[in-house]
Amino acid sequence: MSKRTVELELATLGVDAYGRPARIPLTAPVEPPPDLGEEHQLINIGPQHPATHGVLRLVVELDGETVVRCIPHVGYLHSGFEKLGEYRHYNQIIPLTDRTDYLSPMANNVGLALAAEKLMGIEITPRCTVLRVIACEMSRIISHMVWLGTTSIDLGAFTPFLWAFQERERIYDLQEMWTGARLTTSLTRVGGLMADIPDGFVAKLREFTRTFPKTLGEIDRVLTRNAVWAGRTQGVGTLSAAEAINHSLSGPMLRASGVAYDLRKDKPYLGYETYDFDVVVGEHGDVFDRYLVRLEECHQSNRILEQALDRLPDGPINVDDPRVILPSKTRAMSDMEAMIFHFKQVMEGVKAPVGEAYVGIENPKGELGNYLVSDGTAKPVRWRIRPPSFINLSALPRMAEGHLLSDLIAINASVDIVMGEVDR
Amino acid sequence: MIPGALREEVARDGETIVFVARERLLEAMTWLKNTPGQQFDYLVDVTAVEFRDRERPLQVVYFLRSLTRRADVRIKVELQSSDELAVDSVCSLWHGADWLEREVFDMFGISFRGHPDLRRILMWETYAEGYPLRKSFPLRGRFSRAEQVRQALNASPEAHYSLEELAIAEAAGDLPDDMRERLRRGERGTIQEPPAAAT
């Protein structure tokens, strides 16, 4: 009988023989874990849970701590945008697009306007094209910043969250300068924009593009070689290229799996083929690669912003077509013809020819498609949003099953969902 | 040529639309995915269109893309609204079709034969007002606001879990008798016809 055991036998509860707090002896027999056998547990996560990034609900079957099955439930934020769109003029749909992916509202506005213009056969002006590129890339930066901040919080890193949200705040200030709104921008109109950029906007955006890479470098330094970050993300939620394609993933999720497909390069719109930027491709398709892809995409967006500012041409932002673009207030009040056009546009809306058009744009979260079907009236018969995060989320069970419950949080964060878009 | 192709059109965005016979959809899709020179390995989207003109058939639209060839094609299947609204599921070819087909089922009531798990997705499973994106569905819904509130307040807690999920937790045995009775009667998952006098 060892000395230590004797002491324990003499000790009263919680105190050893000498009156010191008792420690569990190293030699004490370890109790065998209870035999749970085949018993599985059902865990409900959400819909109100900080780590589900919105009102996503996951019903998870657990064997110990391992996810055996993951059943996502969506639809808690369903607003019927597609149905509402069938009762609205094309320009009236634009405010609805703000509210789908509310982390990148400007890019959604651009997506819808491009689809409507394709349907009507409208060519937008050079200045409008470049301004829309600026809007899209600003959206990409804020969306990726929110993703970075919230994901790092999910995985226990608080500091990058503050840095990322500070940068996002600066873009929001720019959006406010331009459109008057921080979140619900409603920037585009069919055939143009709601407003030209104000004085001082270019200088402020240049200041942003000059200083933003410094923050990205700081985030890179604090996360990329961080043992906790790497340990929690590397090899987690892996999808091979073939699986990613088969699950219809798009955007950073697809590219992190090693598929070099970017709509800006492969189906160019807004003249993206004339900008010099790289398509960021991952190698392993795990959470870590998705992080690297998004971080590097911020650098590339910054490059595109700089080039767009350099080439920003002068000229009108709206097409010269009185059937599509509202006349100025003074003209509508003084010129009979302008007033008629104003009246027809407001009362009847812009009529689209019979037919259909689909335009996919590379949104921060993936391919945002807008599919418009017209029967010749001013309201679409069908407005379909191809929601990138909805489709990316559908691969969640495939990625999460077999991982630990804590990895499920990391994997879910890596999908970059926004429930306004998933549920629409 | 695509097996079962009926006619071709060019959309206003320049893409080719191929109308395929409903019975031969799966054959056509398999051919498009697996034939060398076609290789449409990526399913962009699945959706449906119903026109305001009730005479026109419903369309189920498939957006296909070949990532290797960087080419797109749009496949359409027409369904007469008087017929049974059903097409074959393409889930076996593209996993991405899973949720997309569920959404079309949820919103239009078009069922997909052979889909592994065809349930409502955006609306809840006991949603009884019909299919929201059909043109016969009024913008504000079939039921009055009072009826909608009444149903929401009367929803039973177990309605948040499917029978399958309750079976995982072996919780079905722990439920109160009346709940178990309601579940056994199949109160969940059946979509009732809305009352005729709905506003």
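## A three-stranded sheet in chain A

Two strands count as paired here if DSSP finds at least two bridges between them. With that in hand, let's look at this predicted model, starting with an open sheet of three strands in chain A, ordered β6-β7-β8 and paired in the antiparallel sense. Its edge strands are β6(A), residues 355–363, and β8(A), residues 382–386, each of which pairs on one side only. From one strand to the next, the twist averages 10°.

Nine bridges hold β6(A) against β7(A), the strand of residues 366–374, and the two run antiparallel. If you would like a pair to find in the viewer, Ala357(A) has Leu372(A) in β7(A) as its bridge partner. Packing on this sheet is helix α4(A), residues 105–120, which touches both β6(A) and β7(A). The direction of α4(A) makes about 150° with that of β6(A).

## A hairpin in chain A

Chain A also offers a hairpin, made by β2(A) and β3(A) with two residues between them. Strand β2(A) covers residues 57–63 and β3(A) covers residues 66–73; seven bridges join these antiparallel strands. Leu62(A) finds its bridge partner in Val67(A) of β3(A). In the turn sits Gly64(A), with a positive phi of about 65°.

## Helix α7 of chain A and its kink

Next comes helix α7(A), which runs over residues 201–223 and has 23 residues. From its first C-alpha to its last, α7(A) reaches 32 Å, close to the 33 Å expected at 1.5 Å a residue. Where does the kink in α7(A) lie? It is at Thr211(A), shortly before the proline Pro213(A), and amounts to about 30°.

The buried residues of α7(A) are Leu205(A), Phe212(A), Leu216(A), Ile219(A) and Leu223(A). An α-helix has 3.6 residues a turn, so residues three or four places apart point the same way. The buried residues of α7(A) pack against four neighbours in chain A: α5 (126–154), α6 (159–179), α8 (227–233) and α12 (287–311).

## Chain B at a glance

Turning to chain B, we find five helices and seven strands. Along the sequence they follow the pattern β-β-α-β-β-β-β-α-β-α-α-α. Chain B has 199 residues, of which 29% count as buried. Among its contacts between residues at least 6 apart in sequence, 49% join residues at least 24 apart.

## Strand pairing in chain B

Strands β1(B), residues 5–10, and β2(B), residues 16–20, run antiparallel and are joined by five bridges. Glu8(B) has Val18(B) in β2(B) as its bridge partner. The hairpin of these two strands has five residues between them, and there Gly14(B) takes a positive phi near 90°.

Strand β2(B) has another pairing: three bridges join β2(B) to β5(B), residues 71–79, and these two run parallel. Here Ile17(B) stands opposite Arg74(B) of β5(B).

## Where the chains meet

Finally, the contact between the chains takes 33 residues from chain B and 39 residues from chain A. On the side of chain B that touches chain A, the elements giving two or more residues are β3(B) (42–49), α2(B) (97–108) and α4(B) (163–168). Which of them gives the most? That is β3(B), with six residues. By class, this side of chain B has 21 nonpolar, three polar and nine charged residues.

How values were computed. Residues are numbered from 1 along each chain as its sequence is written. Chains are lettered from A and ligands numbered from 1 in the order in which they are written. This is a predicted model: local features need pLDDT of at least 70, side-chain atom pairs count only at pLDDT 80 or more; totals for chains, interfaces and linings use all residues. Axes are lines fitted to C-alpha atoms, for helices over the stretch in contact, and angles run from 0 to 180 degrees between N-to-C directions. Two residues are in contact if their C-beta atoms, placed from the backbone, lie within 7 Å. The expected span of a helix is 1.5 Å times one less than its number of residues. The bend at a residue is the angle between axes fitted to the seven residues ending there and the seven starting there. A residue is buried if 20 or more other C-beta atoms lie within 10 Å of its own, exposed if 12 or fewer, and partly exposed in between; C-beta atoms are placed from the backbone. Ala, Val, Leu, Ile, Met, Phe, Trp, Tyr, Cys and Pro count as nonpolar, Asp, Glu, Lys and Arg as charged, and the others, Gly among them, as polar.
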